[in-house]
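Me: I have a model open and would like to learn how to read it feature by feature. Can we go through it together?

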Amino acid sequence: MAVFKAAVVQMRSGMDPERNATDMEALVREAAGQGATYVQTPEMTGAMVREKEDRARLFVAEERDVTVAIARRLAKELGIFLHIGSTAIRRDDGKSANRALLISPRGETIATYDKIHMFDVDLDHGESWRESAAYEPGTRAVTADVDGATLGLAICYDLRFPQLFRTEALAGAEVLTVPAAFTRQTGEAHWHVLLRARAIENGAFVIAAAQGGQHEDGRETFGHSLIVDPWGRILAEVDHDRPGVAVAEIDPAQSAAARRKIPNLKNAREFTLAAVVTGGGHLERTGS
């Protein structure tokens with residue numbers, strides 16, 4: 001398996017898809033100039049929009065999306081794998097998907113992934129989100145080959161569902177991807193520890209490009225895009241919430257080495273759950 005350079009592109013997307021695409025292009029070119037052959041952008045690269053009216057006006061089909069068009073041109077021109085962490089896509093049925101696209105050096109979309117887990121939460125200080133009101137959740141996990149490595153695709157809130165990453169790791173993924181737009185509140189508390197945990201428990205690299213800063217639609221995101229190795233060490237970080245790029249070397253053989261040292265993927269066992277209830281009885285349930 002070949003060693004390659006990966007880059008995370010940190011953005012502060014606003015509500016104008018064309019301006020965001022221009023910002024994306026400049027940062028992708030910077031990453032490719034540093035030798036990256038796989039470049040990942042954050043969740044909602046195309047536009048960060050909160051109001052229903054704005055979504056109706058801005059979201060279009062994949063073949064009309066300016067972010068997708070520019071990404072395909074850039075990937076072909078620069079000879080890179082360009083992973084659009086996600087952008088909002090209007091589906092054929094009229095519903096919207098929070099969709100990641102992996103584009104080859106030929107400028108072709110080789111894989112797409114629609115975010116499975118919707119960010120429906122009520123945080124402290126009145127911060128509340130209902131992603132399911134805007135997007136239709138995906139139903140399938142996706143892996144794809146890049147530069148001799150197998151990538152597992154995920155988006156943002158998926159990070160809190162370790163079974164998704166375990167499924168991808170068991171399917172051969174040595175690199176797990178989590179492009180995101182973590183809120184500042186949740187990012188400060190959980191971003192680094194969750195990304196490192198997913199890397200450690202799966203013996204995999206984790207690459208996570210992020211949105212960062214105060215956005216035009218009012219939300220605030222954490223930034224701190226990361227690349228983590230299979231032992232949980234941070235290899236590269238955009239250590240702030242401003243737009244930027246970070247690059248690190250990915251050697252898929254390190255994933256195999258980590259899994260030999262801690263073979264938890266092989267050592268997992270089926271088990272049952274005994275739930276002891278008041279009165280001395282118990283209920284048997286099967287788990288894994």
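**Overall shape**

Reply: Sure, and keep in mind that this is a predicted model. For a chain of 288 residues, a compact globule would have a radius of gyration near 19 Å, and the chain has 19 Å, so the two agree.

Me: What does the C-alpha trace span along its principal axes?

Reply: About 65 × 45 × 35 Å. The chain is built from seven helices and 18 strands.

Me: And how much of the chain is buried?

Reply: The general idea is to ask how much of each residue a probe can reach, with under 20% relative accessible area taken as buried. Here buried residues make up 53% of the 288. Sequence separation is another thing to look at: of the contacts with a separation of 6 or more, 66% are between residues 24 or more positions apart.

**A helix pair**

Me: How should I read two helices that pack together? At what angle do H4 and H5 pack?

Reply: Start with angle and axis distance, then go to the residues. Helix H4 (residues 162–170) and helix H5 (residues 184–202) pack at about 35 degrees, and their axes are 10 Å apart. The crossing of H4 past H5 is right-handed.

Me: Which residues of H4 and H5 meet?

Reply: From H4 come Pro162, Phe165, Arg166 and Ala169, and from H5 come Arg198, Glu201 and Asn202. By type, the residues of this contact are three nonpolar, one polar and three charged.

**Around Tyr113**

Me: Let's take a single residue. Is Tyr113 buried or exposed?

Reply: Tyr113 has 1% relative accessibility, so it counts as buried. You'll find Tyr113 in strand E5 (residues 109–114).

Me: What polar contacts does its side chain make?

Reply: For a buried tyrosine side chain, look for polar partners. The side chain of Tyr113 has a polar contact of 2.6 Å with the side chain of Asp158. A polar atom of the Tyr113 side chain also lies 3.2 Å from the backbone nitrogen of Ile116. Beyond four places in sequence, Tyr113 touches a list of residues including Asn98, Arg99, Arg140, Val142, Leu153, Ile155, Asp158 and Leu164.

**Ala180 and Phe222**

Me: Asp158 came up there. How far is Ala180 from Asp158?

Reply: Compare the separation along the chain with the distance in space. Ala180 and Asp158 are 22 residues apart in sequence, and their C-alpha atoms are 9.4 Å apart. Ala180 sits in the loop between strand E10 (175–177) and H5, and with 0% relative accessibility it counts as buried.

Me: What does Ala180 touch beyond its sequence neighbours?

Reply: Setting aside residues up to four places away, Ala180 touches Pro42, Glu43, Cys156, Trp191, Ala209, Ala210 and Gln211.

Me: Where is Phe222 relative to Ala180?

Reply: Their C-alpha atoms are 9.5 Å apart, with their positions 42 residues apart in sequence. Phe222 belongs to strand E13, and at 7% relative accessibility it counts as buried. The residues that Phe222 touches outside its sequence neighbourhood include Phe182, Arg184, Gly187, Trp191, Gln211 and His240. Trp191 and Gln211 are also touched by Ala180.

**Asp217 in its loop**

Me: Is Asp217, an acidic residue in a loop, buried or exposed?

Reply: A loop position doesn't settle that, so check the accessible area: at 15% relative, Asp217 is buried. Its loop runs between strand E12 (212–214) and strand E13 (220–222). The Asp217 side chain is joined to that of Arg219 by a polar contact of 2.6 Å. Leaving out neighbours within four places, Asp217 is in contact with Met15, Met48, Val49 and Arg50.

**Positive phi**

Me: Which phi value does Met44 have?

Reply: When reading phi, look out for positive values in residues other than glycine. Met44 is one such case, with a phi of about 55 degrees. Met44 is in the loop between strand E2 (38–40) and helix H2 (52–58), and its relative accessible area of 6% makes it buried.

Me: What about the phi of Asp147?

Reply: That one is also positive in a non-glycine residue, near 50 degrees. Asp147 lies in the loop between strand E8 (143–146) and strand E9 (149–152). With 27% relative accessibility, Asp147 counts as partly exposed, whereas Met44 is buried.

Technical notes: Residues numbered from 1 in each chain as written. Predicted model: local features only at pLDDT ≥ 70, side-chain atom pairs only at ≥ 80, totals over all residues. Heavy atoms only, no water. Axes fitted to C-alpha atoms, helices over the stretch in contact; angles between N-to-C directions. Helix = DSSP H or I, 4+ residues; strand = E, 2+ residues; numbered from the N terminus. Left-handed = near helix turned anticlockwise from the far one by under 90°. Contact = heavy atoms within 4.5 Å. Nonpolar A, V, L, I, M, F, W, Y, C, P; charged D, E, K, R; others polar. Buried < 20%, exposed > 50% of the residue type's maximum accessible area, 1.4 Å probe, protein only. Polar contact = N/O pair within 3.5 Å; in protein donor to acceptor, adjacent residues only side chain to side chain. Rg over C-alpha atoms; globule rule 2.2 N^0.38 Å.
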